[in-house]
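Here is a short report on one protein model. It starts with the overall fold, turns to the helix packing, and ends with selected loop residues.

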Amino acid sequence: MKKTLTITKSFQLKADCLLNNQDLLVNLIGGNIPHVGGVVTFDQKTKEETVVKFASHDGRLHKDIFLAQRLAEKIEKKLPGNLVINAGVHIDGISKEQIDDSFVMTDKIAQKILAWVQEETSSFKAPKYTTHLKRDASGKLI
């Protein structure tokens, strides 16, 4: 299931969400140059979070990773499955107001994402694993 959530304040922030059964992918983008800035993953079983920060064109690390981490912090433990978030928000000449707004907007999008996922819980399916298949020492099915 797909859902796009948008918040507008001093700029537009958009979360393109893809719910693959219980697992959620979020592409958090905004400003005038959407991109892949930083990625946060959360493994629901191990409770491990992984953060990947990409270098920007001038060699510094993208700061939008802070939005991905903030969003993950707000939703990861309330989701039924795994989580992957990309944040790619760039505004040429960003102002302090826009930076401050980005955090408030991320919090609002987090609330909207959780409400949407909650609405979809009835369509989740539990996976069934076949246990009758046997493998040899190399992992090939026999």
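## Fold and helix packing

The protein chain has 2 helices and 6 strands. This is a predicted model. From the N terminus on, the order of elements is β-β-β-β-β-α-β-α. Along the principal axes, the C-alpha atoms of the protein chain fill a box of roughly 60 × 35 × 20 Å.

Buried residues make up 37% of the 142 residues in the protein chain. The accessible surface comes to about 8,900 Å². Carbon and sulfur atoms hold 54% of that surface. Contacts over long sequence distances are counted too. Of the contacts with a separation of 6 or more, 64% join residues 24 or more positions apart.

How do the helices meet? Two packed helices are described by the angle between their axes and the distance between the axes. Helix 1 covers residues 65-75, and helix 2 covers residues 96-120. They pack at an angle of about 35 degrees, and their axes are 9 Å apart. The crossing of helix 1 with helix 2 is right-handed. Helix 1 contributes F66, L67, R70, L71, K74 and I75 to the contact. Helix 2 contributes S102, F103, T106, D107, A110, I113 and L114. By class, this contact has 8 nonpolar, 2 polar and 3 charged residues.

## Loop residues

Next come Q44 and N82, two residues from separate loops. Q44 lies between strand 4 (38-43) and strand 5. N82 lies between helix 1 and strand 6.

Is Q44 buried or exposed? Q44 counts as buried because its relative accessibility is 13%, below the 20% cut-off. N82 has a relative accessible area of 32% and is therefore partly exposed.

Q44 is in contact with E76, L79, P80, G81 and N82, leaving aside neighbours within four places in sequence. On the same basis, N82 touches Q22, D23, L24, F42, D43, Q44 and K45. N82 and N20 are 62 residues apart in sequence, yet their C-alpha atoms are 9.6 Å apart in space.

Side-chain polar contacts add detail here. The side chain of Q44 pairs with the backbone oxygen of E76 and with the backbone oxygen of G81. The side chain of N82 reaches the backbone nitrogen of Q44. A further pair joins the side chains of H62 and H35. The distances are tabulated below.

| Side chain | Partner | Distance |
|---|---|---|
| Q44 | E76, backbone oxygen | 3.1 Å |
| Q44 | G81, backbone oxygen | 2.9 Å |
| N82 | Q44, backbone nitrogen | 2.8 Å |
| H62 | H35, side chain | 3.3 Å |

Where is H62 found? H62 is in the loop between strand 5 (48-53) and helix 1. H62 counts as buried because its relative accessibility is 16%. Leaving aside neighbours within four places in sequence, H62 is in contact with H35, V36, G37, F54, A55 and S56. H35 is thus both a listed contact and the partner in the side-chain pair.

S95 sits in the loop between strand 6 (83-90) and helix 2. At 26% relative accessibility, S95 counts as partly exposed. S95 and S10 are 85 residues apart in sequence. Their C-alpha atoms are 9.5 Å apart in space.

Terms used. Residues are numbered from 1 along each chain as its sequence is written. This is a predicted model: local features need pLDDT of at least 70, side-chain atom pairs count only at pLDDT 80 or more; totals for chains, interfaces and linings use all residues. Side-chain values use heavy atoms; hydrogens and water are left out. Axes are lines fitted to C-alpha atoms, for helices over the stretch in contact, and angles run from 0 to 180 degrees between N-to-C directions. Helices (H or I, at least four residues) and strands (E, at least two) are DSSP runs, numbered from the N terminus. A crossing is left-handed if the near helix is turned anticlockwise from the far one by less than a right angle, and right-handed if clockwise. Contact means heavy atoms within 4.5 Å. Ala, Val, Leu, Ile, Met, Phe, Trp, Tyr, Cys and Pro count as nonpolar, Asp, Glu, Lys and Arg as charged, and the others, Gly among them, as polar. Buried means under 20% relative accessible area, exposed over 50%, partly exposed in between (1.4 Å probe, protein chains only). Accessible areas come from the Shrake-Rupley method with a 1.4 Å probe; for residues, only the protein chains shown count as cover. A polar contact is a pair of N or O atoms within 3.5 Å; within protein, one must be able to donate a hydrogen and the other to accept it, and residues adjacent in sequence count only if both atoms are side-chain atoms.
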